Amino acid sequence: MLAEQCSKIKQRIRITKKGERVIVDPDVTLEYAFDSRIAATFMEKDIDFWAAYLLSLCSIVTGVLLLYVGRRFIIVSAPQGSVLLPAVQALWIAIRHGFRMDAARPDAVARDGITVTWSDELIDELKSALFACRAFTPFVIFWLCQAQMTTNTVSQAAEMETHRVPNDMLPNLNSITVIIALPLVTKFAYPFLHRRGIPTPPLRRVALGFFLEALAMGYAAGIQGWIYSSGPCYEHPRACAASMNGSLPNHVNIGYQSPVYVLEGLSEIFASPAGYEYTFTKAPKSMKSIIQALYGLTAAGGSIIALALTPTNKDPDLLGMYAGVSGAMFVAAVIVMVVSYKHEGRTARDDDSS
């Protein structure tokens, strides 16, 4: 719905109050469009869980009220018939014919005496949709890495010297990073690059976010290695006699974990909004909701992999786990970068030639 608010914007030249002639670009507007947990943490610690949940509930209710009050100013697309059933049927025919989408065209299936309700337009849209789905598949690894921020890295902090700071407090650095860095990136960095003719297409921003995510997991692996090389319990924090029944962590300050969450936040700024932007712009009009839902499904895929990796979420295997997901994220970043230069680079050249 957020992206649909930009659907009426046409590219035009506007004169600012300073007399500057600027181009109002719907693609750039869409790029920006996609772009309180600290209080809840302390409320849970100092009061109880009910207070933290109540704060979250109040935030949700406030958002709903704002949507209701401003409903007259919101662009809402009228409901249309679902294309899910014919799309699935066409895909099944294509799979049976060696994954050839052209085999599902009406004239092709008519030769077999089969009558279908869809047109060639649906097949063309399916091709475009499948390309969009293929492009965001690496997000499964991205969400796997993001999941570490509220699971294993919180446990990692418990193995360090916290100095009375809650071990689930540092993940809020992620939100703080997003709040501070996102306006700087969208208001200064992107316009600076655009003015110099340097494009920032979605997949390149996704690749940059993936590289930052790989760096975050690599740094977490380094911290875990540092913990294992420090006393008193080395590779078994809080689990040796010297820990005084688990009360003494290994001698590594929790502050050294901060860059993990800063890098996670920067990664999220580049990768997540660009992913939504890419799926919205590349998906056919009749399939935007389906493709957006499939993009959201990548988060579920990341969670499934995280569950599969549960046996490694113990000392002293955590170092290998962090290193493994960092390597997987780096490979995914390279793949997305290659696809970006192959596809988005060609698109940019086509636009220049036209």
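**Reading the core and the unusual backbone**

Modeller: In this predicted model, the largest nonpolar core holds 49 residues, and of these F139, F210, M287 and I291 touch the most other members.

Colleague: Which helices each supply at least two residues of this core?

Modeller: The general idea is that nonpolar side chains tend to be buried together in soluble globular proteins. Here, at least two residues apiece come from helix 4 (84–96), helix 6 (120–136), helix 7 (139–147), helix 10 (202–228), helix 11 (258–282), helix 12 (288–308) and helix 13 (318–353), and helix 10 gives the largest share, with 9 residues.

Colleague: With which residues is F210 in contact, leaving aside its neighbours within four places in sequence?

Modeller: Once those neighbours are set aside, the contacts of F210 are P138, F139, F142, A271, M329, A332, A333 and V336; among them is F139, which, like F210, is one of the core residues that touch the most other members.

Colleague: Turning to the backbone, which residues does a cis peptide bond join, with omega of about 10 degrees?

Modeller: That bond lies between G231 and P232, and P232 is placed in the loop between helix 10 and helix 11. A cis peptide bond also joins D315 and P316, with omega of about 5 degrees, and P316 is found in the loop between helix 12 and helix 13.

Colleague: Is R164, with its positive phi, buried or exposed?

Modeller: R164 is not a glycine, yet its phi is about 70 degrees; it lies in the loop between helix 8 (152–158) and helix 9 (172–195), and it counts as exposed because its relative accessibility is 81%, where the cut-off is over 50%.

Colleague: Where is M244 placed?

Modeller: M244, also not a glycine, has a positive phi of about 55 degrees and sits in the loop between helix 10 and helix 11; at 54% relative accessibility, M244 counts as exposed.

Terms used:
Residues numbered from 1 in each chain as written. Predicted model: local features only at pLDDT ≥ 70, side-chain atom pairs only at ≥ 80, totals over all residues. Heavy atoms only, no water. Core = buried A, V, L, I, M, F, W, Y, C linked by side-chain atoms within 4.5 Å. Buried < 20%, exposed > 50% of the residue type's maximum accessible area, 1.4 Å probe, protein only. Helix = DSSP H or I, 4+ residues; strand = E, 2+ residues; numbered from the N terminus. Contact = heavy atoms within 4.5 Å.
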